[in-house]
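Work through these exercises with the model open beside you. Try each task before reading its solution.

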Amino acid sequence: MDRFEGRCWLDWWANSSTLLDSVEVAVVIAAATGGWEANGRLVSDSDEDREAFAFLCELDPVFALRFEDESVVAVTVHTTDAHRRFRLTEYTGPVQRSVVNRIAL
């Protein structure tokens, strides 16, 4: 396969059993020297969906990219265009990461 173009989901897992959010995306994945390149956009145009996606990206940009056949690859999301568009790279770090979020009251 040299190219995939279609709809997928970016799933953000709080831990191994809690899916915190899932956003539908349109992606284009193409073979490249030494691997692949991927770009995409949120399917939804709602400000609420974009804000939730932006929050999760800022908290931890590692998502599970899930295809229609339920296959999954860990990716890092690099956002552009006010969090409507993004670039994906394969995540190769540790399976478990700690995330710290502090809210100033």
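**Exercise 1: Contacts and surface**

Task: Find what share of the contacts in the chain with a separation of 6 or more comes from residues 24 or more positions apart.

Solution. Residues 24 or more positions apart account for 46% of the contacts with a separation of 6 or more. Keep in mind that this is a predicted model. Next, take burial. The chain has 105 residues, and 30% of them count as buried. Then take the surface. The accessible surface of the chain comes to about 7,000 Å². Carbon and sulfur atoms hold 48% of that area.

**Exercise 2: The order of elements**

Task: Count the helices and strands, and write their pattern along the sequence.

Solution. Step one is the count: 1 helix and 6 strands. Step two is the order. Read along the sequence, the pattern is β-β-β-α-β-β-β.

**Exercise 3: The barrel**

Task: Work out in what order the strands run around the closed barrel.

Solution. Start with β1 and β2. They run antiparallel and are joined by 12 bridges. Their hairpin leaves 2 residues between the strands. Within this pair, Trp9 stands opposite Glu24 in β2.

Move on to β3. It pairs with β2 in the antiparallel sense, over 8 bridges. Two partnerships can be picked out here. Val25 has Leu42 of β3 as its bridge partner. Val27 has Gly40 of β3. The hairpin of β2 and β3 also has 2 residues between its strands, and Gly34 takes a positive phi near 80° there.

Now step from β3 to β6. These strands run antiparallel, with 4 bridges between them. Arg41 stands opposite Arg85 in β6.

Look next at β4 and β5. They are antiparallel too, and 5 bridges join them. Ala64 faces its opposite residue, Ala74 in β5.

Put the strands together. The closed barrel has 6 strands and runs β1-β2-β3-β6-β5-β4, with antiparallel pairing. Neighbouring strands of this sheet are turned by 45° against each other on average, direction ignored.

**Exercise 4: The length of the helix**

Task: Check whether the expected span of helix α1 and the distance between its end C-alpha atoms agree or disagree.

Solution. Helix α1 covers residues 47-59, which is 13 residues. Allow 1.5 Å a residue; the span should then be 18 Å. Compare this with the model. The end C-alpha atoms of α1 are 18 Å apart, so the two values agree.

**Exercise 5: The two sides of the helix**

Task: Sort residues of α1 into buried and exposed, then find which strands the buried ones pack against.

Solution. First list the buried residues of α1: Arg50, Phe53, Ala54, Leu56 and Cys57. Seen down the axis of α1, the buried residues fall within an arc of 165°, so they line one face of the helix. A general rule helps here. An α-helix has 3.6 residues a turn, so residues three or four places apart point the same way.

Then turn to the other side of α1. Glu48, Glu51 and Glu58 are exposed there.

Last, find the partners. The buried residues of α1 pack against β1 (3-15), β2 (18-32), β3 (35-42), β4 (62-66), β5 (72-80) and β6 (85-90).

Definitions and conventions: Residues numbered from 1 in each chain as written. Predicted model: local features only at pLDDT ≥ 70, side-chain atom pairs only at ≥ 80, totals over all residues. Heavy atoms only, no water. Expected span 1.5 Å × (residues − 1). Buried < 20%, exposed > 50% of the residue type's maximum accessible area, 1.4 Å probe, protein only. Arc of directions from axis to C-beta. Contact = heavy atoms within 4.5 Å. Pairing = 2+ DSSP bridges. Areas by Shrake-Rupley, 256 points an atom, 1.4 Å probe, with all protein chains shown as cover. Axes fitted to C-alpha atoms, helices over the stretch in contact; angles between N-to-C directions.
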